[in-house]
Amino acid sequence: MAMNELLDERALSKLRWRCRRGLLENDLFVERFFARHESALTVRQAEGLTLLMDLSDNDLLDLLLARKEPEGDLLRDDVLEVLKLMRIPHPALNH
């Protein structure tokens with residue numbers, strides 16, 4: 001499967017399930033990400049998102065809020081790309 005190929009419905013459904021979080025704040029970031037990007041999500045982006053979902057809730061939230069930056073195994077283009085998309089603020093929240 002090509003890295004820039006779009007995710008099929010089955011893979012997208014599995015990814016959404018995998019992205020369910022225990023911390024409400026993380027769920028809000030994830031839901032907003034899917035609302036904006038799920039129709040154009042690539043295999044490469046899905047891999048980056050999956051790596052982020054392997055983090056604990058607190059570590060993920062620190063990355064989403066830019067309190068920390070990815071390091072080590074997370075210092076990858078796919079992770080950085082997805083994180084950048086997830087960090088984009090919601091327009092209605094910026095007054």
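# Five helices and the loops between them

Just after helix α4, Ala66 takes a positive phi of about 60°. This is a predicted model, and Ala66 is a good place to enter it. Ala66 lies in the loop between α4 and α5. The sign of its phi deserves a second look, since Ala66 is a residue other than glycine. Most residues other than glycine have a negative phi. Is Ala66 buried or exposed? Neither label fits: its relative accessibility is 43%, so Ala66 counts as partly exposed.

Step back to the whole chain. It holds five helices and zero strands. Read from the N terminus, the order of elements is α-α-α-α-α. The chain has 95 residues, and a compact globule of that length would have a radius of gyration near 12 Å; the chain has 13 Å, so the two agree. Along the principal axes, the C-alpha atoms fill a box of roughly 35 × 35 × 25 Å.

How do the contacts spread along the sequence? Take the contacts with a separation of 6 or more: residues 24 or more positions apart account for 69% of them. Burial comes next. Of the 95 residues, 36% count as buried. On the outside, the chain exposes about 6,100 Å². Carbon and sulfur atoms supply 54% of that area.

Now go back to helix α4, residues 57–64. Which of its residues are buried? They are Leu60, Leu61, Asp62, Leu63 and Leu64. An aspartate thus sits in that list beside four leucines. The cover over the buried residues of α4 includes α2 (24–37), α3 and α5.

Two of those covering helices, α3 and α5, also pack against each other. Helix α3 spans residues 43–53, and helix α5 spans residues 77–87. Their axes are 8 Å apart and meet at an angle of about 80°. Angles of 65 to 115 degrees count as roughly perpendicular, and α3 and α5 are therefore roughly perpendicular to each other. On the α3 side, the contact is made by Arg44, Gln45, Glu47, Gly48, Leu49, Leu51, Leu52 and Met53. On the α5 side, Asp77, Asp78, Val79, Glu81, Val82, Leu83, Leu85 and Met86 take part. What is the make-up of this contact by class? It has nine nonpolar, two polar and five charged residues.

The loop between α2 and α3 is the next stop. Ala40 is found there, and so is Thr42. Take Ala40 to begin with. Its relative accessibility is 47%, so Ala40 counts as partly exposed. Leaving aside neighbours within four places in sequence, Ala40 is in contact with Leu6 and Gln45. Gln45 also appears in the contact of α3 with α5. Phe29 is eleven residues from Ala40 along the chain, and their C-alpha atoms are separated by 17 Å.

Thr42 has another setting. Its relative accessible area is 12%. Buried means under 20%, so Thr42 is buried. What does Thr42 touch, not counting residues up to four places away in sequence? The answer is a run near the start of the numbering: Met3, Asn4, Glu5, Leu6 and Leu7. Leu6 is a partner of Ala40 as well.

To retrace the route: Ala66 follows α4 with its positive phi, α4 is covered by helices including α2, α3 and α5, and Thr42 in the loop between α2 and α3 touches residues including Met3 and Leu7.

Key: Residues numbered from 1 in each chain as written. Predicted model: local features only at pLDDT ≥ 70, side-chain atom pairs only at ≥ 80, totals over all residues. Heavy atoms only, no water. Axes fitted to C-alpha atoms, helices over the stretch in contact; angles between N-to-C directions. Helix = DSSP H or I, 4+ residues; strand = E, 2+ residues; numbered from the N terminus. Parallel < 35°, antiparallel > 145°, perpendicular 65-115°, else oblique. Contact = heavy atoms within 4.5 Å. Nonpolar A, V, L, I, M, F, W, Y, C, P; charged D, E, K, R; others polar. Rg over C-alpha atoms; globule rule 2.2 N^0.38 Å. Buried < 20%, exposed > 50% of the residue type's maximum accessible area, 1.4 Å probe, protein only. Areas by Shrake-Rupley, 256 points an atom, 1.4 Å probe, with all protein chains shown as cover.
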